[in-house]
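User: I have a model open and want to learn how to read its features, one at a time. Let's go through it together.

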Amino acid sequence: MTNPLNLTSNLFFFIFTLTILYVAYTFPKLQPKQTNLVFYVHDHFTGEDSTAATVAGKSGTTSSILRFGTVAIVDDPVTEGPTMDSTLIGRAQGMYINSQLDGKGLYMVFSVIFTDGEFRGSSLEIQGSDIFTMKEREFGVVSGTGYFRFVKGYGIMETEFMDIDNLRATLKLNVTVKHY
């Protein structure tokens, strides 16, 4: 003789499984949005409008960012266009570490904090290698806030302008991110 409880349990399990499968395959899946951004970072180690400073190195704070082992902090303006006269949309705040023995490569980690425009109040966390002698280099976008929650992506950095003697540069960042 079969146990009626066993038959009821099996029927319930079968209906429950069918319901879960129906829901899983009929509800729309949340697809990530893709956002492409182009902006400019103005990095100035010298002058009255300097936005970067060396904080540690082999010679202390007088070390050049162009020497291996030097650490610098930045609070660079971020603009829509390549000139300082273009619209200010945020700040790039973080640090560079010269991590290449010949002094031509930096490890960078900084936040792009949007203070104006469509993404005001949001930020992107950027991390990667910056071999600044190359015209183009790629970096990772590892996190974000606000509009860019759950972001992941990459960017291409190009040197728009570089005055190596005065340690001043303008960098074009072309960023592609996926987020929800």
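User: Let's start with D75: what is its relative accessible area, and which class does that put it in?

Analyst: Buried means under 20% relative accessible area, exposed means over 50%, and partly exposed is in between (1.4 Å probe, protein chains only). D75 has 32%, so it is partly exposed. Before we go on, this is a predicted model, where local features need pLDDT of at least 70 and side-chain atom pairs count only at pLDDT 80 or more, while totals for chains, interfaces and linings use all residues. Residues are numbered from 1 along each chain as its sequence is written, and side-chain values use heavy atoms, leaving out hydrogens and water.

User: Which residue forms a salt bridge with D75?

Analyst: For a salt bridge, look for a side-chain nitrogen of Lys or Arg within 4 Å of a carboxyl oxygen of Asp or Glu. D75 has R91 as its partner, and their closest N and O atoms are 3.0 Å apart. The two sit 16 residues apart and link distant parts of the chain, with D75 in strand β3 (residues 71-79) and R91 in strand β4 (residues 88-98). Helices (H or I, at least four residues) and strands (E, at least two) are DSSP runs, numbered from the N terminus. R91 is partly exposed as well, at 26% relative accessibility.

User: How many salt bridges does a search of the whole structure find?

Analyst: The search gives 3. One of them joins R168 to D49, again with 3.0 Å between the closest N and O atoms. This one spans 119 residues, from R168 in strand β9 to D49 in the loop between β1 and β2 (52-56). D49 has 38% relative accessibility, so it counts as partly exposed. There's also D130 with R137, whose closest N and O atoms are 2.6 Å apart. In that pair, both residues are buried.

User: On to aromatics. How many aromatic pairs are there?

Analyst: A pair of rings is described by the distance of the centres and the angle of the planes. Rings of Phe, Tyr and Trp (its six-membered ring) pair if their centres lie within 6.5 Å; planes under 30 degrees apart are stacked, over 60 edge-to-face, and the rest tilted. The count here is 8. Take F39 and F114: the centres are 6.0 Å apart and the planes are at 90°, so you call the pair edge-to-face. F39 belongs to strand β1 (residues 33-44) and F114 to strand β5 (residues 106-114), 75 residues apart, so this pair links distant parts of the chain. F39 is buried at 1% relative accessible area, and F114 is buried at 4%.

User: And how are the rings of F119 and Y147 arranged?

Analyst: Their centres are 5.0 Å apart and their planes are at 50°, so that pair is tilted. F119 is in the loop between β5 and β6 (123-130), and Y147 is in the loop between β7 (136-145) and β8 (152-163), so the contact ties together parts 28 residues apart in sequence. F119 counts as buried at 10% relative accessibility, whereas Y147 counts as partly exposed at 31%. Zoom out a bit and you'll see ring pairs linking F39, F114, F119, Y147 and F148 into a cluster.

User: What about empty space: how many cavities of 30 Å³ or more are there?

Analyst: On a 1 Å grid over the protein atoms alone, a cavity is a set of points where a 1.4 Å probe fits but cannot get out, and lining residues have an atom within 4 Å of a point. Grid points are joined across faces, edges and corners, and the volume is the space filled by probe spheres set on the points. You get 1 such cavity here, with a volume of about 220 Å³. It is lined by 16 residues, and D43, F45, F132, M162 and A169 are the closest to its centre. β8 and β9 (168-179) each supply at least two lining residues, and β9 has the largest share, with 3.

User: Last one: where is T176, and how far is its C-alpha from that of T35?

Analyst: T176 is in strand β9 and counts as buried at 14% relative accessibility. The C-alpha atoms of T176 and T35 are 5.8 Å apart, although 141 residues separate them along the chain. For another such check, try F139 in strand β7, which counts as buried at 3% relative accessibility. F139 and I126 are 13 residues apart in sequence and 7.1 Å apart in space, C-alpha to C-alpha.

Definitions and conventions
1 Å grid on protein atoms, 1.4 Å probe; cavity = no way out; pocket = protein on both sides within 12 Å on 5 of 7 lines; lining within 4 Å.
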